[in-house]
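Q: Please take me through the aromatic rings in this model, close up, and then through the charged side chains. Give me the cut-offs as you go.

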Amino acid sequence: VVVSIERVRMSHTTSPEEDDDELIEEEQLEEYREMVEELGAFPDKVKINSLSAVAEDFGDSKKNAEAIYKCLREPLVNPSISRERKVPLVYAIDSIVKNVKGEYVKIVETDAKKWMPLVYDVVGTKERDILKKVWNIWRQEGVFPESSWKEIGSCFTNSPAAKPVTGNTNNTLGGVKRLVSKPFHSKLAVEAVVKNRTL
């Protein structure tokens, strides 16, 4: 199933005069969860951009931002979700806190210290290296205060470098540059996103 970001966003077209606390609808959240599910085990740039673009529409409301973030967090910490899906979810969160910002920065600053070590413990060596790169970029770009940043990355500084990892550690994940751009508001841009999706 391919979920169009236009469907998720079209019922949330607020004007500057409208209340920022207008709650996101459950139907929109369900469609966002489907988009998260479609991300799968590879950090596809188009899909990450789509997730970030939708998150941008709700980033000014704490309640809505928390609801959107929860859609990404739940599979990230769920032990029944394959570890191959963990890093792409981290990439999506990374894109949102760096490009969308808004309420998401404060939410992730508080919560990442809880899920980062959980993800670190279940993924393979290469994925751990990717997580550490993301963490270091957060410092370089000043995404979080230094004290919070250190707490988030305690698994990199306090844990043994060679924790046992079970199962297949092979992966093809690489760095993905993610940008959120306003053209996603264009119907043609949305159609282009859908055409480039991989079923």
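A: **Rings and charges, close up**

Of the contacts in the chain with a separation of 6 or more, 77% are between residues 24 or more positions apart, a contact meaning heavy atoms within 4.5 Å. Before going further: this is a predicted model, where local features need pLDDT of at least 70 and side-chain atom pairs count only at pLDDT 80 or more, while totals for chains, interfaces and linings use all residues. Residues are numbered from 1 along each chain as its sequence is written, and side-chain values use heavy atoms, with hydrogens and water left out.

The backdrop is helical: the chain has 10 helices and zero strands. Those elements are DSSP runs numbered from the N terminus (H or I of at least four residues for helices, E of at least two for strands). Buried residues make up 47% of the 199 in the chain; buried means under 20% relative accessible area, exposed over 50%, and partly exposed in between, with a 1.4 Å probe and protein chains only. The accessible surface of the chain comes to about 10,400 Å², and 51% of that belongs to carbon and sulfur atoms. Those areas come from the Shrake-Rupley method with a 1.4 Å probe, and for residues only the protein chains shown count as cover.

Now the rings. You describe a pair of aromatic rings by the distance of the centres and the angle of the planes. Here, rings of Phe, Tyr and Trp (its six-membered ring) pair if their centres lie within 6.5 Å; planes under 30 degrees apart are stacked, over 60 edge-to-face, and the rest tilted. A search of the whole structure turns up four aromatic pairs. One of them is Tyr120 with Phe156, an edge-to-face pair at 5.6 Å centre to centre and 85° between the planes. Tyr120 belongs to helix H6 (residues 103-122) and Phe156 to helix H9 (residues 154-158), so this pair ties together parts that are 36 residues apart in sequence. Both Tyr120 and Phe156 are buried.

Next up are Trp135 and Trp149: with ring centres 4.0 Å apart and planes at 5°, they count as stacked. That pair also links distant parts of the chain, with Trp135 in helix H7 (residues 125-140) and Trp149 in helix H8 (residues 146-152), 14 residues apart. Trp135 has a relative accessible area of 4%, so it is buried, and Trp149 counts as buried too at 5%. Put the four residues together and you get a cluster: ring pairs link Tyr120, Trp135, Trp149 and Phe156.

Tyr120 has a charged partner as well. The charged end of Arg128 sits over the ring of Tyr120, 4.4 Å from its centre; that label needs NZ of Lys or CZ of Arg within 6 Å of the ring centre and within 35 degrees of the ring normal.

While you are in helix H7, have a look at Ile130, which is placed there. Ile130 is buried, at 11% relative accessible area. Its C-alpha is 9.5 Å from that of Tyr91, though Ile130 and Tyr91 are 39 residues apart in sequence.

On to the charges. Side chains of opposite charge can pair when their charged atoms come close. A salt bridge here is a side-chain nitrogen of Lys or Arg within 4 Å of a carboxyl oxygen of Asp or Glu, and the whole structure has nine.

Helix H6, home of Tyr120, also joins in here. Asp111 forms a salt bridge with Arg73, the closest N and O atoms being 2.5 Å apart. This pair links distant parts of the chain, Asp111 in helix H6 and Arg73 in helix H4, 38 residues apart. At 9% relative accessibility Asp111 counts as buried, whereas Arg73, at 24%, is partly exposed. Another salt bridge joins Lys106 and Glu103, at 3.4 Å between the closest N and O atoms. Lys106 and Glu103 are three residues apart in helix H6, so about one helical turn separates them. Glu103 counts as buried at 17%.

Elsewhere, Glu37 and Arg85 meet in a salt bridge of 3.4 Å, N to O. Glu37 lies in helix H2 (residues 26-39) and Arg85 in the loop between helix H4 (62-77) and helix H5 (86-100), so the pair ties together parts 48 residues apart in sequence. Arg85 is buried at 10% relative accessibility. Glu26, Glu30 and Arg33, in turn, are linked in a network of salt bridges.
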